[in-house]
Amino acid sequence: MAARDGAAALDQAAYTALVAELNDYAYRYYVLDQPSVPDAEYDRLYRQLIRYEAAAPERVASNSPSQRVGDRPLDGFIQVDHRTPMLSLDNAFSDDDLGEFVGRLEERLKRTEPLRFACEPKLDGVAVSILYRRGELVRAATRGDGSRGEEITQNVKTIKNIPLRLAADSAPELLEVRGEIYMSRSGFEAFNRRARDSGDKPFVNPRNAAAGSLRQLDSRITASRPLLFCCYSVGEIEAAGRSWMNHSELLASLAEWGLPINPLSETVEGVAACNDYYQRLAAQRDGLGYDIDGIVYKVDSFELQRRLGSVARAPRWAIARKFPAQEELTELLDVEYQVGRTGAVTPVARLAPVFVGGVTVSNATLHNRDEMVRLDLHHGDTVIVRRAGDVIPQVVGVVAERRREAAEPFAFPQRCPVCQSPVERDAEQAVSRCSGGLFCAAQVKQAIKHFVSRKAMDIDGLGDKLVDQLVDSEVIFSVADLYDLTAERLVELERMGAKSADNLVAAIAASRTTTLAKFVYALGVREVGEATAAALARAFGDLPALLSASLDELLEVDDVGPVVAARVREFFANPDNVAIIEALQGAGVSWPALAAADPAAQPLHGQTWVVTGTLAEMGRSEAKERLQALGAKVAGSVSAKGHCLVAGPGAGSKLSKAEALGIEVIDEATFVQRLAGWEGAR
């Protein structure tokens, strides 16, 4: 649309076109996730719309984007009767349960050929019904008890991916669509962050946040919440001269009319294909941008659905296959405090063992002092434990109603539980740290464990328990002391045989030859991970140049900002750290000298790569190191800024997202071939 300078430039036809244009932009942004114009252009057109509507309020279109900001507060919610009940679903928890369900269907229908199922992710949100008449949104309601819910029309109109008017000319006379209102994980995290910053109570999980946002009497509050909607069925539909044979076909029509459906939905035949879909979605679950708690299977044919019918509360033709629960209740037995290599004191909950997220959990992180205050933990509390995928289990809430009378609250320690030095609050972060430094045995142990780890000096055979024993028995006091260890001294330790001692001494000796990047990473400088250590090594070429680098010189290095630069300068300005570095070099730790690199001259400078799946010829760590050595940034997730995805067998949601974004995808063979060319040209 051509640029317009103000409300005066708009007539009614131009205003109608502007409404349609903005709605199309919003549809592409919120539903298709394919923005077609920059945010600044959308904002400019939206301001023009507002100026016109302020000058002509009697002409405001019911489907104008301005109508999503919310209306005056309600006194209460009106009860709404559902003309067609919103039934719940029976559950399956295993392959056997699903097989029995399909067997019952086949027996009832007297079929021998495989049934066709529509398969959809089961979003963990709030079920709602939305009614359209002649294409216009006229009413929305919660599920309630299935027969009667609460009218939430004003609130639903604020949700940006719900069309206020259906898009196609072929939209039905009447459509009651059903779906789930939910909050994305990123939206939930941003919302809770704002809540904490403003002193408000954060929500426990995205589902609770969505439910609480929908039940606001003031729709302006709902409008400020990052809610989304996804259709999964239709309650009623009246479309003259048109009918649909199956569920998947009707979902496709909903998408044509501008309603969001889940792009991961599929139709499959037979129980084996249903189980395969379940496994594929389970593998993608933790990489999705929203929570799902299972899969919904529906017989696709409407004729077969009609023949199967329903029982009192659930249809016979559909079932929910649940994933292992990600949240459970258990008892808080105690809180212990772990001290890390940088002195960070982290509270850890000791729990009565509970099965959650597919594993038995008995410990969970409490993050920091602020989180303990927020949770208000008391001895013996019943707590909500959450575990999603490989994420460390965490306590996300307390069931205060179950708290015993006179239960004592937990108090964060004022002194280090290991060395009794004062615990100080980090002024820059929500972290409390032991002030003991190298005096604190816990910090020394963690520093040594980091130093010998595989991605650092890679000293095989020096496990955590052995490090603890070496420090506790005062055999070593720093990482430099490792290189003075002898087999004779090691065999004096508990459970240390002569062969194990010889192997460990040999592994320590082998670690003397390393790379500058690994050595810098092994030192354990705060905020300096593998990628930053590699960037520093490439930029300065050798240790003396890095030790003497100024803040300005450090800030010129890729991935080094003001905080990291300050940490590096602080670490190398500390005489105790310099003494340890000199002792390590005196013990023979060395690396090949590198010429300081010109980042812009590297073949992959400025490119962002992602590596996923299983690589047969090299591990992902090696692939990452070689890419970084060529100047690439290696990211953990796929975004529109990505340049290329290396996908090995088992690549899941990252591969799907890269393909959707049009990012180049290559296999390992192509990757190895390209590496050889780039590395050979240097």
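**Briefing: a parallel sheet with its helices, and a helix pair**

In this predicted model, strand E21 (residues 644-647) and strand E22 run parallel and are joined by 3 bridges. Both strands belong to an open sheet of 4 strands. Two helices that lie on this sheet are described below, followed by the crossing of helices H3 and H9.

**The sheet**

- The strand order is E20-E19-E21-E22, and the pairing is parallel.
- Strand E20 (633-635) and strand E22 (664-666) each have a single partner strand and stand at the edges, so each has one side without a neighbour in the sheet.
- On average, neighbouring strands of the sheet are turned by 30° against each other, direction ignored.
- Within the pairing of E21 and E22, Val646 is placed opposite Ile666 of E22.

**Helices on the sheet**

- Helix H22 (residues 620-629) lies across E20 and strand E19 (608-612), and runs at about 170° to E19.
- Helix H23 (residues 653-661) packs on the sheet, where it touches E19, E21 and E22.
- The direction of H23 makes about 145° with that of E21.

**The H3–H9 crossing**

- Helix H3 (residues 95-109) and helix H9 (residues 270-284) have axes that come within 10 Å and cross at roughly 145°.
- The crossing of these two helices, H3 and H9, is right-handed.
- On the H3 side, Asp95, Leu98, Gly99 and Val102 take part in the contact, and they meet Val271, Cys274 and Asn275 of H9.
- Sorted by class, the contact of H3 with H9 comprises 4 nonpolar, 2 polar and 1 charged residues.

Note on methods:
Residues are numbered from 1 along each chain as its sequence is written. This is a predicted model: local features need pLDDT of at least 70, side-chain atom pairs count only at pLDDT 80 or more; totals for chains, interfaces and linings use all residues. Side-chain values use heavy atoms; hydrogens and water are left out. Two strands pair if DSSP finds at least two bridges between them. Axes are lines fitted to C-alpha atoms, for helices over the stretch in contact, and angles run from 0 to 180 degrees between N-to-C directions. Contact means heavy atoms within 4.5 Å. A crossing is left-handed if the near helix is turned anticlockwise from the far one by less than a right angle, and right-handed if clockwise. Ala, Val, Leu, Ile, Met, Phe, Trp, Tyr, Cys and Pro count as nonpolar, Asp, Glu, Lys and Arg as charged, and the others, Gly among them, as polar.
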